[in-house]
Amino acid sequence: MGTYALPDLPYDYAALEPAITGQILELHHAKHHAAYVKGANDTLEQIAEAREKEQPAPAHLVGLEKTFAFNLSGHVLHSIFWQNLSPDGGDRPDGVLAEAIEKDFGGFEQFKRQLTTATASVQGSGWGVLAWEPLGQRLIVEQVYDHHGNVGQGTTPLLVFDAWEHAYYLQYKNVRPDYVTKLWDLVNWEDVLARYTAATGA
Ligand code: MN
């Protein structure tokens, strides 16, 4: 048993149909997410082995650190993604989260447009993310490359949209924007609010 473990989904594989098919969700969770968990644990062990050497090869360690960042971030983002979605999701937030979105984006529709476009326009593989940025004390949208690139240090992801082809291609083929549109109908705003509250101390 390693440091990281694959979390159970909070719903059945078929629960998000028709927006996301059970086949996609099962592959996504049981194969893709599981591979990031294994990758993070395996790489952590390899880093420990390298650390014990009197002279670790720098190039080897560089490669391991990159591999670790990739797999760990994949594990973190997918763990949030499953909780961010719900068969009973959709609509829009209210209360303090709605107020913060209004303040930092000018309104929910403007925020929705930005996150939709950021997710749909990822070049290659990545994520669209609503994050809390503690230094500026504000919400921001980040366009994450792979799982860990193009990210401000110290930001906390609150709502994450997976834009990797494995998340939608079997169902939506090349039409990523249609998949992103459907994601909005699944957003579990209670979960996003809980993450916002924990991150901000609000
Ligand atoms: Mn994924």
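This note goes through a predicted model of one protein chain with a manganese ion, point by point.

1. Basis of the model. Because the model is predicted, local features are reported at pLDDT of at least 70 and side-chain atom pairs at pLDDT 80 or more, while totals for chains, interfaces and linings use all residues. Residues are numbered from 1 along each chain as its sequence is written, and side-chain values rest on heavy atoms, with hydrogens and water left out.

2. Fold. The protein chain holds 7 helices and 3 strands, where helices (H or I, at least four residues) and strands (E, at least two) are DSSP runs numbered from the N terminus. Read from the N terminus, the order of elements is α-α-α-α-β-β-β-α-α-α.

3. Overall dimensions. The radius of gyration of the protein chain is 18 Å, which agrees with the value near 17 Å for a compact globule of 202 residues; the radius is taken over C-alpha atoms, and the globule rule is 2.2 Å times the number of residues to the power 0.38. The C-alpha trace spans about 55 × 40 × 30 Å along its principal axes.

4. Burial and contacts. Of the 202 residues in the protein chain, 42% are buried, where buried means under 20% relative accessible area, exposed means over 50%, and partly exposed lies in between (1.4 Å probe, protein chains only). Contact means heavy atoms within 4.5 Å, and among contacts between residues at least 6 apart in sequence, 69% join residues at least 24 apart.

5. Manganese site. Which residues coordinate the manganese ion? The donors are His28 (NE2), His78 (NE2), Asp162 (OD) and His166 (NE2), at 1.9 to 2.1 Å, and their spacing in sequence is H-x49-H-x83-D-x3-H. His28 lies in helix 1 (residues 22–52) and Asp162 in strand 3 (residues 156–162), so this pair ties together parts that are 134 residues apart in sequence. Both His28 and Asp162 are buried. A caution applies to the site: donors are N, O and S atoms within 2.8 Å of the metal (3.2 Å for Na, K and Ca), and water is not among the atoms, so sites may look incomplete.

6. Two residues of helix 1. Thr43 belongs to helix 1 and, at 4% relative accessibility, counts as buried; leaving aside neighbours within four places in sequence, Thr43 is in contact with Leu64, Thr67, Phe68 and Asn71. The C-alpha atoms of Thr43 and Ala69 are 9.5 Å apart, although the two residues are separated by 26 residues along the chain. Leu44 is also found in helix 1, but is partly exposed with a relative accessible area of 30%, and, not counting residues up to four places away in sequence, Leu44 touches Thr3, Tyr4 and Phe68.

7. Backbone points to check. Most residues other than glycine have a negative phi, and most peptide bonds are trans. Against that background, Glu17 and Pro18 are joined by a cis peptide bond with omega of about 5°, and Pro18 lies in the segment before helix 1. In the loop between strand 2 (138–145) and strand 3 sits Asp146, whose phi is positive and near 55°; Asp146 is partly exposed at 35% relative accessibility. Asn150 is found in the loop between strand 2 and strand 3, has a positive phi of about 65°, and counts as exposed at 54% relative accessibility.
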